[in-house]
Structures are given as C-alpha cells and as structure tokens.
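Please look over the sequence and the structure shown here before reading on, keeping in mind that this is a predicted model. The paragraphs that follow take up charged pairs and then the nonpolar core.

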Amino acid sequence: MHPRARVAGYATAAVLVVVGTLWANGGLDSAGTPVRAGPGKEIDQHLFHTRLVGAHVTTVKKFGENTRMLVVNAWVTNPTRETLGTYGTDDNVFGHGVFLHWRSQDGPRPEPIDAQAIAGDTLFRSLQPRLPTYVAVQYRLAAATRVPDHVTVALADYERTESGILDPRGYWEWKARRHETRYETNPLTHKSGRVTHIIPVLVADVTLPVRR
C-alpha cells in the first residue's frame, strides 16, 4: 500500500521504499466496519466509482517467467476532470485503494504487482475523466498459496486536500480514520526515523467468487 507519509529523518526516495513495503505486505490495520456489498454494486470512493465484478486465477508470462496470479476485475469510473492512474508510486492511483483480506491458513499473502486498464487488446495505466474503464488488479501468488473459492476485497475512501506545501493545486489522499507513527529503518539506506502513515476509512467489503 502507498499511504501518504509524514516523515522525520528520511529522504523522499526512502519514503517510497517504506510505504511500498507496507503495500506489498498487503494489509492495513482494522479501519472500522465497512459496508458489505456483492459483485457489481457501484461503490463511491469519491476519487473512483468502482464496481468489482469478479476474480480469477491465471498463469501468465510476466517479468520473463511464468507467474501464477490472482486477478481482481473491476469497472472503474474516474469522476474528476483529471487523468488518473491505475498503478504507480502516487497516492491517487486505483490499485493503492484496493485491499485484499487474507487468512493465514491459506498460505502466503498474495503480493500486489500491477493494475492495468484494458480496452480491446490494449493495456494501459490511466483512467480518463468520466469514462468507465475495465481494470485488472494483479496479485502474484506464492507456490504455497491456496486461493479460496471466494475472496473479499476492501475499498478505501478518498478525500481532496485543496492545497499542500509541495503542490498548491491540491491532491487526493486516503480519508484518514487515524494516523499511526512508527520508528522504521529504510532497508536501502539503513537510515532510521519516524514515519506517520494514514490508516484509511474503508467504504466497502466486496466478496467475489473466484474462477479457476
């Protein structure tokens, strides 16, 4: 996951590594009780209007090798006037607000590795304003991971900050349920410092059947 972090004693590049690690671990602390919804129901995340429609397990060639993946599919509408991303290092990308609930008895947690928009045979990583777009959020599966017949996906809520220190035009970020500060060490620079993470409000838990 990629929360917006307030940092003391870290360079910006180091922050990206830290929050990227949190996202790769695949989970946040409990964030209240989101609404339970079934496949196909439109969820208003404010930055995105999302209809999760299904999930499937597949094997594809990625990064030069055959990779077993869990793919979560969604129709996503970007209600803003800005072009938004599906995946990347920014806060306002679709893939960062999608969280997979996972039980330890099913093995290692799936690792989020990509979220691609699909139009015909073309793959891209942008959501045009007001245009419903089909998106595939991809999770790499370890050999020991067993995918159950149903998976539950949580969606984060977003809010817009009208102005910021770095960008006076404003930006979107997770709507905070609370903030959590930890003392962490960057694995690349080995520098340590306090990092404050957003624990987001979750607007919905959507349970999806998994096709094989």
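Arg140 counts as partly exposed, because its relative accessibility is 25% and the buried class ends under 20%. Its side chain meets that of Glu111 in a salt bridge, with 3.2 Å from N to O. Since Glu111 lies in strand β8 and Arg140 in strand β11, the pair ties together parts that are 29 residues apart in sequence. Glu111 is likewise partly exposed, with a relative accessible area of 30%.

Strand β8 also holds Asp114, which forms a salt bridge with Arg125 from the loop between β9 (122-124) and β10 (126-127), so that parts 11 residues apart in sequence are tied together. The closest N and O atoms of this pair are 2.6 Å apart. Here Asp114 is buried, with a relative accessible area of 4%, whereas Arg125 is partly exposed at 42%. In addition, Arg178, Glu180, Arg182 and Glu184 are joined into one network by salt bridges that share partners.

A further salt bridge, 3.5 Å from N to O, brings together the side chains of Arg160 and Glu82. This pair links distant parts of the chain, with Arg160 in strand β13 (residues 158-161) and Glu82 in the loop between β5 and β6 (84-85), 78 residues apart. The count of salt bridges comes to 9.

Turning to the interior, the largest nonpolar core has 40 residues, of which Leu70, Phe94 and Val151 touch the most other members. Strand β17 gives the largest share of this core, 6 residues. Leu70 touches, among others, Val57, Leu100, Val137, Val151 and Val210.

Technical notes: Residues numbered from 1 in each chain as written. Predicted model: local features only at pLDDT ≥ 70, side-chain atom pairs only at ≥ 80, totals over all residues. Heavy atoms only, no water. Core = buried A, V, L, I, M, F, W, Y, C linked by side-chain atoms within 4.5 Å. Buried < 20%, exposed > 50% of the residue type's maximum accessible area, 1.4 Å probe, protein only. Helix = DSSP H or I, 4+ residues; strand = E, 2+ residues; numbered from the N terminus. Contact = heavy atoms within 4.5 Å. Salt bridge = Lys/Arg side-chain N within 4 Å of Asp/Glu carboxyl O. Lists of a residue's contacts leave out its neighbours within four places in sequence.
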